[in-house]
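Visitor: Before we look at the model, I would like each label to be set against the rule behind it. Could we take the labels in turn?

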Amino acid sequence: MTLDAIAASLREAEAAGQTIAPLRDRIASAEDAYRVQDINTVHRLRAGGRLVGRKIGLTNPAVQRQLGVNQPDYGMLFADMEVMHDGTLPWSEGAQFKAEAEIAFVLNRTLPDPQTSGAEVVRAIEYALPAIEIVGSRIANWDIRFVDTVADNGSSAFFTLGPSPRRLTDLDLTGCAMRMEGSDGTLSEGRGAACLGSPLNAMLWLARCMARAGRPLGEGDVVLSGALGPMITATPGTRYEARIAGFGEAAFRFGEKE
């Protein structure tokens with residue numbers, strides 16, 4: 001099966017709300033997995049999609065070890081993936097939704113250099129917000145390895161941003177405590193340091209990767225920097241709220257199962 005055919009199978013699964021078998025036996029390398037992702041990025045852009053940012057995944061070393069890698073991965077964020085704060089997202093059984101609390105950054109300039117420095121990343125961040133990434137997998141039963149999730153746009157689905165932008169000088173990015181709650185109380189807890197030691201480390205990694213890939217981060221881009229605590233399995237009809245100390249809250253609700 002060609003990379004174009006693999007990309008098409010992922011698009012078709014998403015459109016139908018269905019899942020497909022793992023791809024790892026048909027994708028030879030991480031480079032090929034990113035090529036599949038890029039094929040679908042270009043397809044979405046040509047169909048009128050608007051690229052508004054990126055998401056970073058696998059920022060927890062324990063998860064990296066589980067998948068046999070020593071680095072994060074990334075995916076694309078499009079405008080139609082955003083759910084308004086405290087909005088409702090229709091439930092889709094086939095999407096295999098999960099959710100995780102993150103810190104989002106909004107940029108005020110382009111970062112075009114593959115050797116971007118940490119100081120340049122800090123200077124480029126206009127503000128930070130609390131966020132929830134709603135992840136989903138087109139791979140049946142979340143039976144994924146690194147190439148599966150990379151090809152599948154980093155297992156991305158939707159995201160929501162909180163309503164309280166903050167300057168970096170007002171925040172503790174590593175020590176901030178996170179708590180995510182649902183109908184049954186607290187579901188996930190963590191801290192900023194769980195994200196690759198610091199969300200800024202994840203941002204720096206991404207900025208360099210995207211510059212090398214020829215899709216540099218730009219002014220106005222949103223970056224979901226990685227999970228602060230364990231990912232939770234979502235259920236229909238539930239409201240999820242993530243609170244991050246110093247940041248405020250982000251929240252959304254799933255619609256009922258039809």
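Guide: The structure holds 9 aromatic pairs, where rings of Phe, Tyr and Trp (its six-membered ring) pair if their centres lie within 6.5 Å. This is a predicted model, in which local features need pLDDT of at least 70 and side-chain atom pairs count only at pLDDT 80 or more, while totals for chains, interfaces and linings use all residues. Residues are numbered from 1 along each chain as its sequence is written, and side-chain values use heavy atoms, with hydrogens and water left out.

Visitor: Why is the pair of Y74 and W205 called tilted?

Guide: Planes under 30 degrees apart count as stacked, over 60 as edge-to-face, and the rest as tilted. The ring centres of Y74 and W205 are 6.3 Å apart and their planes stand at 55°, so the pair is tilted. This pair links distant parts of the chain, with Y74 in strand β2 (residues 73–78) and W205 in helix α6 (residues 199–212), 131 residues apart; helices (H or I, at least four residues) and strands (E, at least two) are DSSP runs, numbered from the N terminus. Both Y74 and W205 are buried, which means under 20% relative accessible area, against exposed at over 50% and partly exposed in between (1.4 Å probe, protein chains only).

Visitor: What makes T186 partly exposed?

Guide: T186 has 40% relative accessibility, and because partly exposed covers what lies between buried and exposed, T186 receives that label. T186 belongs to strand β8 and touches R179, M180 and E181, not counting residues up to four places away in sequence; contact here means heavy atoms within 4.5 Å. T186 and Y240 are 54 residues apart in sequence, and their C-alpha atoms are 9.8 Å apart in space.

Visitor: How do you know that β7 and β8 pair, and which way do they run?

Guide: Two strands pair if DSSP finds at least two bridges between them, and 6 bridges join β7 (residues 177–182) to β8, so the rule is met by these antiparallel strands. In this pairing, R179 stands opposite E189 in β8. Both strands belong to an open sheet of 5 strands with mixed pairing and the order β3-β12-β11-β7-β8. Its edge strands are β3 (87–89) and β8 (185–191), each of which pairs on one side only.

Visitor: How do you know that the span of α2 agrees with what is expected?

Guide: The expected span of a helix is 1.5 Å times one less than its number of residues. The 17 residues of α2 should span 24 Å, and the end C-alpha atoms of α2 are 24 Å apart, so the two values agree. The buried residues of α2 are D32, A33, Y34, V36, Q37, N40 and T41, and they pack against α1, β2 and α5. Just after α2, G48 takes a positive phi of about 105°.

Visitor: Which residues have the most contacts inside the largest nonpolar core, and what makes a set of residues such a core?

Guide: A nonpolar core is a set of buried Ala, Val, Leu, Ile, Met, Phe, Trp, Tyr and Cys residues joined through side-chain atoms within 4.5 Å. The largest one has 80 residues, and those with the most contacts inside it are F97, I103 and F254. Helix α6 gives the most to this core, with 8 residues. F254 touches several residues further off in sequence, among them W91, F97 and Y240, and W91, F97, F158, Y240, F252 and F254 form one aromatic cluster.
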